[in-house]
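Thanks for sharing this one. Here are my notes, point by point, to read with the model open beside you.

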Amino acid sequence: MEEFLKALIQCRKCPRLVAYRESVPPPPRFFGQQYWRRPVPPWGDPKAKLMIVGLAPAAHGGNRTGRMFTGDLSAQFLFKALYAAGLSNHPYSVSRDDGTEVRCVYITSAVKCAPPRNRPTAEEVSNCLPWLKAELELVRPKAVVALGRLAWSATFRALGLKAPEFVHGAYADAGEVRVYASYHPSPLNTNTGRLALESLMRILEQAKAYAGCQ
Ligand code: SF4
């Protein structure tokens, strides 16, 4: 895993994303903060039974803090659900030194660099797929929770399969891995009620039970 992380944070395969991650200006509330501005490393247990796959780091979330699902509103929603499901020791994820630890869980994304407007191109998703494939081979989870359609299809592609239709709350088996589908916990989904905390909690609990997490 160490070698993987070392190689990942040096990746510059997508010129548009490299330019964006390195130059996106901080909003006033983050003025003066040192931004990470590189591919955002996954975190958690490298031998976890449950993998969570998001879309991509946020410009002022992971691209600022240097940890996936850390320091933005999507992270706060996800961590409330992880905590309620007994998979995290804190109901928040705000910085790399916040003391938050996940249990039985490894957290990553389909695309490792922050894309403008959270929308990577098809080419950028394909460029980043080998990283996700490598993670699935290294971690060998029993269950994956894919947050959003893009994470869902990228997970199946990384496993060498065509993704079935994305249905929130459903799951499909991909060889030995069971993949659960959830809407992404973005403010767009959570503020509109499309994704409720209880719904994400239920999916995490199902995946946790299937994976055999204690
Ligand atoms: Fe490399 Fe992925 Fe970042 Fe593209 S998005 S530069 S493939 S780490």
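1. Let me begin with a cysteine. C104 counts as buried because its relative accessibility is 19%, and the cut-off for buried is under 20%. Please keep in mind throughout that this is a predicted model. C104 lies in the loop between α4 and β3 (105–109). Its backbone also deserves a look: C104 has a positive phi of about 70° although it is not a glycine.

2. What does C104 form with C213? The two make a disulfide, with their sulfur atoms 2.1 Å apart. A disulfide is a covalent bond between the sulfur atoms of two cysteines. The torsion about the S-S bond of C104 and C213 is about -75°, so this disulfide is left-handed. The pair links distant parts of the chain, 109 residues apart: C104 is in the loop between α4 and β3, while C213 is in the segment after α8 (197–211). C213 is buried too, with a relative accessible area of 9%. The disulfide count for the model comes to one.

3. A second positive phi turns up elsewhere. R37 has a value of about 60°, although R37 is not a glycine. You will find R37 in the loop between α2 (15–23) and β1 (43–44).

4. Now to the ligand. Which residues are around the ligand? They are C11, K13, C14, L17, P39, V111, K112, C113, N127, C128 and W131. By class, this shell divides into eight nonpolar, one polar and two charged residues. Helix α5 (residues 122–139) gives the most to the shell, with three residues. For two of the cysteines I can add accessibility: C14 counts as buried at 12% relative accessibility, and C128 counts as buried at 9%.

5. Where does the ligand sit? The space it takes is the largest cavity. The structure holds one cavity of 30 Å³ or more, and about 110 Å³ of space lies in the largest cavity. Of the 16 residues that line the largest cavity, C11, C14, C113, C128 and W131 are the closest to its centre. These five names also appear in the list of residues around the ligand.

6. A little more on the walls of that cavity. Helices α2 and α5 each supply at least two residues of the lining, and α5 gives the most, with four residues. The lining divides into 10 nonpolar, one polar and five charged residues.

7. Next, the open sites. The largest pocket has a volume of about 840 Å³. Of the 32 residues that line the largest pocket, those closest to its centre are S74, N118, H184, S186 and P187. Two or more lining residues come from each of α3 (62–65), α4 (73–84), α6 (149–158) and α7 (187–190). Which element gives the most to this lining? That is α7, with three residues.

8. The lining of the largest pocket has a mixed make-up by class: 14 nonpolar, 11 polar and seven charged residues.

9. The second largest pocket has a volume of about 190 Å³. Its lining consists of L136, E137, R140, P141, K142, L159, A174, E176 and V177. By class, five of these are nonpolar and four are charged, with no polar residue in the lining.

10. Finally, a small point about A84, which is placed in helix α4. Is A84 buried, exposed or partly exposed? At 39% relative accessibility, A84 counts as partly exposed. If you would like a distance to check in your viewer, the C-alpha atoms of A84 and L195 are separated by 16 Å, and the two residues are 111 apart along the chain.

Note on methods. Residues numbered from 1 in each chain as written. Predicted model: local features only at pLDDT ≥ 70, side-chain atom pairs only at ≥ 80, totals over all residues. Heavy atoms only, no water. 1 Å grid on protein atoms, 1.4 Å probe; cavity = no way out; pocket = protein on both sides within 12 Å on 5 of 7 lines; lining within 4 Å. Points joined across faces, edges and corners; volume = space filled by probe spheres on them. Nonpolar A, V, L, I, M, F, W, Y, C, P; charged D, E, K, R; others polar. Buried < 20%, exposed > 50% of the residue type's maximum accessible area, 1.4 Å probe, protein only. Near = heavy atom within 4 Å. Sits in = over half its atoms within 2 Å of the grid points. Disulfide = S-S within 2.5 Å.
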